[in-house]
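Work through these exercises with the structure open beside you. Try each task before you read its solution.

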Amino acid sequence: MTNIFKANDENILKAAEVILQGGLVAFPTETVYGLGANVYDSKAVVSIYEAKGRPSFNPLISHIAEIDFLKTYAAVDERVLSLAKHFWPGPLTFVLNRIEENPAIDLACAGLKTVTVRMPNHPVALELIKKSGVPIVAPSANKSQTISPTTALHVAESLGDKVDMILDGGKCKVGVESTIIDLTTRQVVLLRAGGIALEDLESFLGEKILISHGNPDLPSSPGQLLKHYAPTHEFRINATRRENGEFFIGFGDVEDCDLNLSSSGNLSEAAANLFAFMRIADADGRKIAMSPIPEKGLGLAINDRIRRAAYKKTRIMDN
Ligand code: TXA
Ligand code: MG
């Protein structure tokens with residue numbers, strides 16, 4: 001692939017120039033690869049929506065490299081600051097009230113009065129943002145409604161030459177997208193389970209977080225289109241064993257499986273392997289089945305993604 005570049009200093013600098021000239025750069029974060037553009041360049045932001053084939057009502061996350069930058073963007077109170085100091089850089093995204101009447105970021109915010117921000121915990125991402133000198137808006141670097149990329153090659157396979165430059169920083173360590181919380185209300189609301197466990201947020205805040213289930217037909221909130229992380233082949237979840245020659249993805253102490261997310265039952269390891277294994281299974285061509293995953297810690301994020309991947313099937317069974 002010709003547009004994949006090793007993420008060294010020279011190429012990061014080149015990528016920053018591409019960003020400032022209105023181009024698209026795919027870059028590694030600790031969660032998944034992002035498809036980045038200059039937040040202030042509406043044309044570039046439009047080209048993100050085009051490259052992904054994403055409905056334009058979907059707002060984008062601004063990636064920043066310094067906490068101080070938040071203040072130029074959003075209403076920041078003690079709660080926001082203490083969360084940022086504790087969890088950033090890291091896989092936690094805040095939805096905040098916008099303060100700046102800056103029409104240039106309207107598009108990235110999809111016309112909402114909120115702005116969505118995170119500081120990624122990856123040296124390449126942070127360096128790229130610093131060298132660009134602007135916040136970088138980035139959705140996951142995949143076609144809309146397909147599996148998020150956790151390697152540079154996944155990005156190339158999904159977006160090809162629609163992206164000007166792909167910075168290769170190896171495999172993403174966390175492997176599922178960031179946790180998204182809404183901080184515009186008194187009670188914190190979980191909009192998307194992700195790389196920071198709900199339990200850790202609640203213990204830091206010392207209070208319960210409300211879990212938003214949203215309306216899948218009105219995708220105004222994160223990832224609420226139910227069929228979102230879809231493999232093309234049929235996908236059965238909570239499977240205790242292989243049936244009819246399925247491709248079986250195990251978790252924990254499972255013997256007869258094609259791949260095991262984590263044979264020791266470690267949820268972080270499972271999250272890091274999830275999307276890559278779903279791709280391998282999908283490429284295999286057989287129907288796919290997956291072991292049950294415990295609904296705790298990163299298991300919430302894993303179960304959220306696989307329920308969406310299995311949506312068609314579970315809908316028939318549930319309703
Ligand atoms: O880990 C991540 O968060 C990755 C990396 C690249 O940072 N990014 C990512 O972005 O997953 P994306 O666009 O694929 O998912 C962000 C989700 C979308 O479903 C979007 O609808 C939602 O967040 N979102 C963004 N801003 C929002 C807002 N102000 N209100 C409600 N939902 C919002
Ligand atoms: Mg995405």
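**Exercise 1.** Where is the place of Asp258? Then describe its surroundings.

*Solution.* The model is predicted, so every step below works from predicted positions.

Step 1. Find the strands on either side. Asp258 sits in the loop between strand E13 (247–250) and strand E14 (259–260).

Step 2. Judge the exposure. The relative accessible area of Asp258 is 32%. Buried needs under 20%, and exposed needs over 50%. Asp258 is therefore partly exposed.

Step 3. List the neighbours. Leaving out residues up to four places away in sequence, Asp258 touches Arg242, Glu246, Phe247, Phe248 and Arg286. Take Arg242 as one of them. Asp258 and Arg242 are 16 residues apart in sequence, and their C-alpha atoms are 9.7 Å apart in space.

Step 4. Look for polar partners. The Asp258 side chain reaches the backbone nitrogen of Phe248 at 2.7 Å. With Arg286, the link is side chain to side chain: a polar contact of 3.5 Å.

**Exercise 2.** How many aromatic pairs does a search of the whole structure find? Classify two of them.

*Solution.* Step 1. Count. The search finds 3 aromatic pairs.

Step 2. Take Phe69 and Tyr73. Their ring centres are 5.7 Å apart, with 65° between the planes. Planes over 60 degrees apart count as edge-to-face, so this pair is edge-to-face.

Step 3. Check the exposure of both residues. Phe69 is partly exposed, at 26% relative accessible area. Tyr73 is buried, at 1%.

Step 4. Take Trp88 and Phe94. The centres lie 4.6 Å apart and the planes make 20°, so the rings are stacked. Both Trp88 and Phe94 are buried.

**Exercise 3.** What is the order of the strands in the open sheet of 11 strands? Find its edges, one strand pair and a helix that packs on it.

*Solution.* Step 1. Read the order: E1-E8-E2-E3-E7-E4-E6-E5-E9-E10-E11, with mixed pairing.

Step 2. Find the edges. Strand E1 (4–6) and strand E11 (210–211) each pair on one side only, so they are the edge strands.

Step 3. Zoom in on one pair. Strand E4 (residues 61–63) runs parallel to strand E6 (residues 114–118), with 3 bridges. His63 stands opposite Arg118 in E6.

Step 4. Add the helix. Helix H1 (residues 9–20) packs on the sheet. H1 touches E1, strand E2 (25–27), strand E3 (34–38), strand E7 (136–137) and strand E8 (165–168). The direction of H1 makes about 145° with that of E8.

Methods
Residues are numbered from 1 along each chain as its sequence is written. Chains are lettered from A and ligands numbered from 1 in the order in which they are written. This is a predicted model: local features need pLDDT of at least 70, side-chain atom pairs count only at pLDDT 80 or more; totals for chains, interfaces and linings use all residues. Side-chain values use heavy atoms; hydrogens and water are left out. Rings of Phe, Tyr and Trp (its six-membered ring) pair if their centres lie within 6.5 Å; planes under 30 degrees apart count as stacked, over 60 as edge-to-face and the rest as tilted. Buried means under 20% relative accessible area, exposed over 50%, partly exposed in between (1.4 Å probe, protein chains only). Helices (H or I, at least four residues) and strands (E, at least two) are DSSP runs, numbered from the N terminus. Contact means heavy atoms within 4.5 Å. A polar contact is a pair of N or O atoms within 3.5 Å; within protein, one must be able to donate a hydrogen and the other to accept it, and residues adjacent in sequence count only if both atoms are side-chain atoms. Two strands pair if DSSP finds at least two bridges between them. Axes are lines fitted to C-alpha atoms, for helices over the stretch in contact, and angles run from 0 to 180 degrees between N-to-C directions.
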